[in-house]
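User: Please explain how the terms applied to this structure follow from their definitions.

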Amino acid sequence: MRIALLGAGRIGRHHGTVLADQPGVDQVIVVDVDPERAAEVAAAIGGRVALTSEEAMDAADAVVVTASTDAHAGLVRGAVERGLPTFCEKPLAFELADTAALVELIEARGAIVQVGFQRRFDPAYREARRLVDTGELGTVYLVRLIAHDHEPPPDAYIPVSGGLFRDSSIHDFDALRWVTGQEAVEVYADGSVRGFPVFERHSDVDTGAAIVRLADGTLGVLSQTRHDPLGYDIRMEIVGSRDSVAIGLGDRTPLRTLEPGTPAPVGPAWQTFPTRFERAYHDELVAFLQVASGRTTNPCSARDALEAMRLAVAADRSRREHRPVRVMET
Ligand SMILES: NC(=O)c1ccc[n+]([C@@H]2O[C@H](COP(=O)([O-])OP(=O)(O)OC[C@H]3O[C@@H](n4cnc5c(N)ncnc54)[C@H](O)[C@@H]3O)[C@@H](O)[C@H]2O)c1
């Protein structure tokens with residue numbers, strides 16, 4: 001299979017490396033609006049460069065979109081119109097209306113578009129979903145979502161990111177829906193700039209919180225920061241009537257307990273998303289190759305991405321308007 005890799009930045013390089021290593025992949029064709037980046041990544045993974053995304057797609061059997069968020073919708077549209085199975089990094093589009101229009105096109109054509117919510121492939125998230133699904137957790141009372149980046153993204157990334165909730169919390173929103181099997185109905189969110197004034201210049205925040213009400217009354221409580229001095233801290237805790245469980249809590253959790261006599265974690269603490277979710281990123285791409293060759297069904301559809309985006313947009317609106325927002329208002 002020949003893969004067009006559209007975007008050779010941080011995640012493009014990572015996904016390109018995984019893809020080039022798969023037995024079913026004959027060639028990775030790399031494109032970036034910055035040709036030097038494309039050349040560098042192609043050389044590193046043993047791929048070849050194309051000058052435009054059109055040229056790359058015309059020579060490919062499947063497409064992987066890892067460009068900046070503002071380019072996703074146009075690139076996915078191009079791939080769908082060519083009938084090519086596509087993996088797209090989250091989010092599917094920058095704006096909700098564009099996401100909805102794209103999902104309509106994808107569904108009308110019966111196209112395959114898998115979206116990169118890699119936590120669906122993380123073993124602990126999968127186990128949490130199973131425990132909820134089988135009833136082993138009992139009635140789910142509350143889900144705590146913790147998403148603390150180690151370091152903020154590069155300054156240039158911020159204006160094209162879509163903001164904290166659409167860029168980062170969208171992973172937690174998808175995980176909340178996926179693990180509980182419930183849709184979100186309302187969100188109240190707030191945000192603050194506590195450490196990095198560059199976020200304020202782009203009407204964004206570096207610290208956020210949200211309370212999400214799910215359809216069955218379960219509450220989700222999100223805490224989100226763009227900086228955590230100890231590392232990259234991604235957790236989910238679920239309190240149910242029969243059990244109480246945590247994802248991301250272990251020897252590598254970047255958190256220091258103040259309880260006397262409690263041993264320090266063995267570490268080293270998680271520092272970056274590619275290491276924290278290494279297996280999940282690998283497995284989602286292996287799954288995509290199987291989806292693209294018709295061997296399995298899509299584990300994360302464009303409609304899933306639309307629902308997560310709806311919640312992220314509602315959270316963003318709630319923060320700006322200082323009021324609870326019904327998800328269907330968006
Ligand atoms: N799933 C995850 O955990 C995860 C993690 C990081 C990034 N992402 C997503 O991946 C995307 C890229 O993020 P990144 O951190 O790699 O950003 P980045 O800025 O490092 O890389 C983006 C690359 O896309 C290129 N680009 C922009 N427009 C393009 C176009 N039209 N065609 C081809 N290339 C184009 C840029 O020149 C740049 O090299 C973002 O949408 C982001 O939300 C997802």
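Analyst: This is a predicted model, in which local features need pLDDT of at least 70, side-chain atom pairs count only at pLDDT 80 or more, and totals for chains, interfaces and linings use all residues. Residues are numbered from 1 along each chain as its sequence is written, and side-chain values use heavy atoms, with hydrogens and water left out.

User: How do you know that the end-to-end span of helix H7 agrees with its number of residues?

Analyst: Helix H7 (a DSSP run of H or I, at least four residues) covers residues 164-180. The expected span is 1.5 Å times one less than the number of residues; for 17 residues that gives 24 Å, and the end C-alpha atoms are 23 Å apart, so the two agree.

User: What makes H7 mostly covered?

Analyst: Buried means under 20% relative accessible area, with a 1.4 Å probe and protein chains only. In H7, 17 of its 17 residues are buried.

User: Where is the kink in H7 centred?

Analyst: The kink is centred on Ile170 and amounts to about 50 degrees. The bend is the angle between axes fitted to the seven residues ending at a residue and the seven starting there. Just after H7, Gly181 takes a positive phi of about 70 degrees.

User: Why is the pair formed by Thr69 and the ligand called a polar contact?

Analyst: A polar contact with the ligand is a pair of N or O atoms within 3.5 Å. A polar side-chain atom of Thr69 lies 2.7 Å from an oxygen atom of the ligand, so the pair meets the cut-off.

User: What makes S8 and S9 a pair?

Analyst: Strands (E runs of at least two residues) pair if DSSP finds at least two bridges between them. Eight bridges join S8 (residues 184-192) to S9 (residues 207-214), so these antiparallel strands pair. Glu186 stands opposite Arg213 in S9.

Conventions: Buried means under 20% relative accessible area, exposed over 50%, partly exposed in between (1.4 Å probe, protein chains only). A polar contact is a pair of N or O atoms within 3.5 Å; within protein, one must be able to donate a hydrogen and the other to accept it, and residues adjacent in sequence count only if both atoms are side-chain atoms.
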